[in-house]
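Work through the exercises below with the sequence and the model side by side, and try each task before reading its solution.

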Amino acid sequence: MADTLAIMKMSPVIPVVTIHSVDEAIAMARDLYDGGLKTIEITRRTQVALDAVRAIADAVPDLCLGVGTVWTASQAREALAAGAQFIVSPGIADEVGEVCREADLPYLPGAQTVSEVAYLVRQGYQQVKLFPASVIGGPSAIKAYAAVFPDVQFCPTGGITEQSAPDYLKLRSIPCVGGSWLAKPAKGDEPDGQSPTRAAAERAAGLGG
């Protein structure tokens, strides 16, 4: 059985990245991995997303590659063929879950409301993406969710920043958060000459300490 929780525990922050250039994606993936992050979620929001997945799989083979914004069975199969090692949906997408079960591929379905989480639990899921986390109420809301679903682990994503991430990660129900800020670090080199992406990755990796 696919182990979604094991992937969630690989890094305290899963970078959530929208790709516009394959070459830039490879450089960014290297910086993220060298900075200490072992996972990445490439969103299916651009035409080059799956090309980037294939390229990163070749260039940074030890980085655990996920594909996000997956809504349909055909999109799930395309992601699997491109080399996805896990799949993420922003909300409930039953047919994606069916493809992942057939392929024994880790899958993180999304929810926003208590009723949606309850539905996913009835379908057998114990790991759920909460999106958009900042809109549903942030850490205080998720603490309340965890009281109702004590056996569920959450990956909150959406509106989380480097500054707010520690408040989420304090909760036992949250092994990781999704972070889009890692894909958009400040321009310019860090004082020690590191790329901004690698410097941001090192700080994010340290949040799990």
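A residue is called buried under 20% relative accessible area, exposed over 50% and partly exposed in between, with a 1.4 Å probe and protein chains only. The model is a predicted one, in which local features need pLDDT of at least 70 and side-chain atom pairs count only at pLDDT 80 or more, whereas totals for chains, interfaces and linings use all residues. Residues are numbered from 1 along each chain as its sequence is written, and side-chain values use heavy atoms, with hydrogens and water left out.

**Exercise 1. A pair within one helix**

Task: Find the salt-bridge partner of Glu202 and state how far apart the closest N and O atoms are.

Solution: Begin with the criterion, which asks for a side-chain nitrogen of Lys or Arg within 4 Å of a carboxyl oxygen of Asp or Glu. Glu202 meets it with Arg198, at 3.3 Å between the closest N and O atoms. Next, place the two residues: both belong to helix H10 (residues 196-205), and they are 4 residues apart, about one turn of the helix. Helices (H or I, at least four residues) and strands (E, at least two) are DSSP runs, numbered from the N terminus. An α-helix has 3.6 residues a turn, so residues three or four places apart point the same way. Finally, check the accessibility: Glu202 is partly exposed because its relative accessible area is 32%, and Arg198 is likewise partly exposed, at 29%.

**Exercise 2. A pair between two strands**

Task: Of the 6 salt bridges that the rule yields, take the one between Lys129 and Glu41, and determine whether Lys129 is buried or exposed.

Solution: First, the distance from N to O in this salt bridge is 3.9 Å. The pair links distant parts of the chain, since Lys129 is in strand E7 (residues 127-130) and Glu41 is in strand E2 (residues 39-43), 88 residues apart. Lys129 is buried because its relative accessibility is 5%, and Glu41 is buried as well, with a relative accessible area of 4%. For the surroundings of Lys129, use contact, meaning heavy atoms within 4.5 Å. Leaving aside residues up to four places away in sequence, Lys129 touches Glu41 itself and further residues including Val88, Pro90, Leu108, Cys155 and Thr157.

**Exercise 3. A salt bridge with an exposed partner**

Task: Which residue forms a salt bridge with Lys170?

Solution: The partner is Asp167, with the closest N and O atoms 3.6 Å apart. Lys170 counts as exposed because its relative accessibility is 64%, while Asp167, at 38%, counts as partly exposed.

**Exercise 4. A buried serine in a loop**

Task: Locate Ser173 and list the residues that it touches.

Solution: Ser173 sits in the loop that runs between helix H9 (165-169) and strand E9 (177-179). Ser173 is nevertheless buried, because its relative accessibility is 11%. Not counting residues up to four places away in sequence, its contacts are Ile142, Ala146, Val152, Gln153 and Phe154. From Ser173 to Phe149, which is 24 residues away in sequence, the C-alpha to C-alpha distance is 9.2 Å.

**Exercise 5. The buried residues of a helix**

Task: Identify the buried residues of helix H4 (residues 73-82) and what they pack against.

Solution: The buried residues of helix H4 are Ala73, Gln75, Ala76, Ala79 and Ala82. These residues pack against helix H3 (49-59), strand E3 (64-68), strand E4 (86-88) and H5. To finish, look just past helix H4, where Gly83 follows with a positive phi, near 115°.
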